[in-house]
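Thanks, everyone; I would like to walk you through a few local features of one model this morning. Please have the sequence and the coordinates open while I talk.

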Amino acid sequence: MNMNDKSAGCLTHDSSYYESKIKSNLTSNELSGFKYPLTASSIIVPALKEHKCPERRISFNMDGGPYKLLIFKAIIASYNYSFFDEFAAPTIKTIFSGVAHFFVEWLNDADIKNPYMVLKEYELYRFDKLNNHGGSSAIIKVRTILFHAIYRSNELKAVIDTEQLQYLHEIYKTKAVPNSNKKQISIASYFGQLDWLRDDNLGVGNQLYETIASPKITIRSLRATASVLIMELYEAKLALKSFFMACGFSRHDFELTGPLKHPVYSKRAFTGNAIYYLLLKYHRKTVQDPKLRKALILVLLSNVSNKENFLKVLPALESEIELHKIFFSNKGKLGLSFLGKCFSISEASNTLFELGKLSLLCQTGNTFPISNIENLMFAWLMASLVVQPSDISKLNNNSFRYLKVGSRVTHLECEYFKGRANSIHQTNTLSTKSVTGKAVYCYISQHSDGYLVDLSFNNGRMSHGLNSIMGVLSELLSIDFIREATKNAHLNSGNVPIVIPEVLIKLVQNIIRSRSEYDVSTSKVAEERVKPVVNKNLFTLQAIKNSAVHAFSDPYTLHYLINRNSHTNKTEKLSYLNEDNEEWLNASGRITRNVMIDLINNVFNLSLDEINDDGAESNKAYFNSEFLGVTDCISTKSQEMLMRLKVVTQQEKGKISEVGVLSLPNKNQSDDFPYLYVLDSPITVFKMKNYLYEFELNYKKLLCVNPDFLYKTALPTVEWISYVLSIFTKSSVIEGNKMFKEMKVNNVSISVFHSI
């Protein structure tokens, strides 16, 4: 081909490429339209097919007066920002499309007596129209639209004056009526609707059912369950990968290629054929690994069509003779009819170890395929650590920090950006010795890059089939070796009742009974007048997160000095420490620590008179020694801080207050500072260097979280350390720097500022 031919070929390719692009654009869901001038009398809001929002035409009554025209300009400015600004959040398009037309239609015809009460009048109108008094206010989303126009769009500010902008700001500040019908969703409230679980035959029994009311028990049980499943599936993947490498399996052994005359039947038969040869290799292996046997049980569960067929093929793991009995027909060949009925289509589900996953396990490397079950279990663990559900799918490897001793990870914690609060949030630190910490680290280590969680599948739909998440989850929890591991995990988690696995199994078992129309008169259930009602979906990640907050809600206890929740203490007090958290309310909510302290100070007195002489003396001595110990500790800390402030203020005499103010009682009196002794050694240099390093990393967080500590303690300490390091011996500084550098090379961190 000459140069002209090559050029022609490229042009032909390019033209077809651009033609296909044009066609795809015509049929795509991309927005069409353009920015409107703020004086437009109508706008067309494009359809949002992915959110099922139709195209809307919004017309404005231009004869409504100056205040209405100003609000209309704000609506148009908000539209232009929401749909055409590259920095606008994708969700605000949906808000605008679903709300703006209702508000404009009402405003066109409304007779506004007080222009500053326009949103209040609209709120009352929507309450009356929807008969929703006490429910969610309609002006919440209208305020969102105005917010984007006033504070995000520069277009509106350029065409209106200061007074008009101030008016829009005032109506934006209109407060919505609180939603008195809103209820907080938790695991306890979810199962509280399923009273039939009290039944000994249908459910888990009254005693186990009542434990669901305790958020601490349910969260511990949920963590133990999710952790066990992650660990067991990881062990199975390791065993299968080792087995495939030893027996020479390749990815092509699990991939069906070529044209198919009967696609469904052929795919099922191919799945059964692949499973047969997999089991045959297992039986001809000289040494049979118990972990491999467990893994093959999970492989069978993942590739059969239903539970009956799973129980039918399970004995094939016993011996090669049993394998041939089950898989071979009377003619001594693989029974294709049996395979076509017993096994499922390989790509029909992504729950566990379908053929696609087995194909990926044949590849070399340290990454492993992640199933939907593992995705869901990890999401459960993150929600139980009070990670905001909307942020769970955004977590990646960089969202976790590790503490290593040598090459071994001993602790880890999640640090992520919380979108709603627009701030960085840290979870509680997990030890890898705990079952939860071990499971989280195990899951993270299976990913090389990208997001850790994919929740695009329907993870909560209640179904009993083995092609569904809940169906497979129920069968997993019923397998003997997983039940035993779950039991041990609950025992190690504080000997909590095995509540979550049991209720999940019962939920799935009663799905058919709850949705089928059976003869009540002949049913055994009819005698007790109990019919199970199963929700269409399982409890959500938000319910887990709320239950986790309930499990640790007690801001008055002394040992919870750091708030690890993804919200402020004020939010917890208003939204969590209420009637929804019954356990906390009964335990400490009725008489708080403040009331108890008031009773101690103003009602009760320390009296040892009623004790005999010997007992009184010993108790007084013990009390006095404890009191003196506390005062000595306070005095020591105060003297230490004064010594640091001495360096900062560069004063030799006098008394320095905690804010660094020098004061002398009179001119004739002079108080020398007491001495502060510091050991000149490499370990002291190491500790000081680490303090300076941690200060560099966290001083901005300290400024936001604890500014008093930053100005009164951290900054003086930093200046004092800088001075002390300058007078240390050279050998100590060199050795201390060396120790500090070794610590950073090994990725070891020593936290200093615990107030953040």
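Let me start with a helix pair, bearing in mind that this is a predicted model. Helix α17 passes α25 in a right-handed crossing, and the axes of α17, which covers residues 372–384, and α25, which covers residues 541–551, come within 7 Å and cross at roughly 35°. Which residues in α17 and α25 meet here? From α17 there are A379, W380, A383 and S384, and these meet L541, I544, K545 and A548 in α25. Sorted by class, the residues in this contact of α17 with α25 are six nonpolar, one polar and one charged.

Now to helix α10, residues 215–247, where we can compare an expectation with the model. With 33 residues and 1.5 Å a residue, α10 should span 48 Å, and because its end C-alpha atoms are indeed 48 Å apart, the two values agree. Of those 33 residues in α10, 24 are buried, so the helix is largely enclosed by the rest of the structure. Just after α10 comes G248, which takes a positive phi of about 75°.

Finally, a single residue, D391, which has its place in helix α18, residues 389–392. Is D391 buried or exposed? Its relative accessibility is 2%, and because the cut-off for buried is under 20%, D391 counts as buried. As for its surroundings, if we leave out residues up to four places away in sequence, D391 touches Y416, F417, K418 and G419.

Key
Residues numbered from 1 in each chain as written. Predicted model: local features only at pLDDT ≥ 70, side-chain atom pairs only at ≥ 80, totals over all residues. Heavy atoms only, no water. Helix = DSSP H or I, 4+ residues; strand = E, 2+ residues; numbered from the N terminus. Expected span 1.5 Å × (residues − 1). Buried < 20%, exposed > 50% of the residue type's maximum accessible area, 1.4 Å probe, protein only. Axes fitted to C-alpha atoms, helices over the stretch in contact; angles between N-to-C directions. Left-handed = near helix turned anticlockwise from the far one by under 90°. Contact = heavy atoms within 4.5 Å. Nonpolar A, V, L, I, M, F, W, Y, C, P; charged D, E, K, R; others polar.
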